[in-house]
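The report below goes through one chain and considers its burial, its charged side chains and its backbone. Please keep the coordinates open while reading.

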Amino acid sequence: MSKDKNPRRVADNEAMAKLRMLKTSPQKLNLVAGLIRGQKVEKALTDLTFSKKRIAVDVKKCLQSAIANAENNHGLDVDDLIVAEAWVGKNLTMKRGRPRARGRFGKILKPFAELTITVRQVEETS
């Protein structure tokens, strides 16, 4: 009488983590996400640790969460993981404003973004 188990959203050798409502524009977040695409996870963590961008701290947390998901939930080997995908999406935009001269109103947009990181286990061929 129970429901069927939900199918996995990613392949058997992959794991995923998602962060929503990051207080930065998607364009700025995509610059940091581009640094880690296709890299081994150790190199990606090192690059994010020493990056000067403020949002790199949140991207590092998301990557660590994806690594933990791969190890604990799917039984993948951490040493063989690479960052398969890191994609950025838009979230809400808060509309704020500021009074300007001669009765006008200056529009201020405060964008939010979301980040999804997928790690994949690849067998090393030496």
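V83 lies in strand β2, and with a relative accessible area of 0% this residue is buried. The C-alpha atom of V83 is separated by 9.0 Å from that of Q121, although the two residues stand 38 residues apart along the chain. The model discussed here is a predicted one, and each value in this report should be read with that in mind.

**Burial along the first helix**

Which residues of helix α1 are buried? In this helix, which covers residues 26-36, the buried residues are P26, L29, V32, A33 and I36. Seen down the axis of α1, these buried residues fall within an arc of 125 degrees, so they line one face of the helix. The face of α1 turned away from that buried side carries Q27, K28 and L31, which are exposed.

**Salt bridges**

How many salt bridges does the structure hold? There are 4 salt bridges in the structure, and the table sets out three pairs among them with the N to O separation of each.

| Pair | N to O distance |
|---|---|
| R8 and D12 | 3.8 Å |
| E114 and K18 | 3.9 Å |
| K43 and D47 | 3.2 Å |

The salt bridge between E114 and K18 links distant parts of the chain, since E114 belongs to strand β3 (residues 105-121) and K18 to strand β1 (residues 14-22), with their positions 96 residues apart. E114 counts as buried because its relative accessibility is 19%, which falls under the 20% limit for that class. K18, its partner in the salt bridge, is partly exposed, with a relative accessible area of 41%.

The salt bridge of K43 with D47 has another setting: both residues lie in helix α2 and are 4 residues apart, which is about one turn of the helix. K43 has a relative accessible area of 45% and is therefore partly exposed, and D47, with a relative accessible area of 24%, is also partly exposed.

In the pair formed by R8 and D12, the arginine counts as partly exposed at 37% relative accessibility, whereas D12 is exposed, with a relative accessible area of 64%.

**Charged surface patches**

Which residues form the positive surface patch? K23, K28, K53, R54, R96 and K110 make up this patch. K28 has already appeared among the exposed residues on the face of α1 turned away from its buried side. R54 lies in the loop between α2 (41-49) and α3 (56-73), and at 55% relative accessibility this arginine counts as exposed.

A negative surface patch is formed by E42, E71, D77, D79 and E123. Within that group, E42 lies in helix α2, the helix that also holds both K43 and D47, and E42 is partly exposed because its relative accessible area is 38%. E71, another member of the negative patch, is found in helix α3 and counts as partly exposed at 44% relative accessibility. The C-alpha atom of E71 is separated by 9.9 Å from that of L81, a residue placed 10 residues away along the chain.

**Backbone angles**

Two residues remain to be considered for their phi angles, and both are residues other than glycine. Phi of M21 is near 60 degrees, a positive value; the place of M21 is in strand β1, the strand (residues 14-22) that also contains K18. M21 is partly exposed, with a relative accessible area of 39%. Phi of R102 is likewise positive and near 60 degrees, but this arginine is found in the loop between β2 (81-99) and β3. At 76% relative accessibility, R102 counts as exposed, because the limit for that class is over 50%.

Note on methods. Residues are numbered from 1 along each chain as its sequence is written. This is a predicted model: local features need pLDDT of at least 70, side-chain atom pairs count only at pLDDT 80 or more; totals for chains, interfaces and linings use all residues. Side-chain values use heavy atoms; hydrogens and water are left out. Patches are made of residues with over 30% relative accessible area and no salt bridge: like charges are joined within 9 Å, nonpolar side chains (Val, Leu, Ile, Met, Phe, Trp, Tyr) within 5 Å. Accessible areas come from the Shrake-Rupley method with a 1.4 Å probe; for residues, only the protein chains shown count as cover. A salt bridge is a side-chain nitrogen of Lys or Arg within 4 Å of a carboxyl oxygen of Asp or Glu. Lys and Arg count as positive and Asp and Glu as negative; His and the chain ends are not counted. The place of a charge is taken as NZ of Lys, CZ of Arg, CG of Asp or CD of Glu. Helices (H or I, at least four residues) and strands (E, at least two) are DSSP runs, numbered from the N terminus. Buried means under 20% relative accessible area, exposed over 50%, partly exposed in between (1.4 Å probe, protein chains only). The arc is that of the directions from the helix axis to the C-beta atoms.
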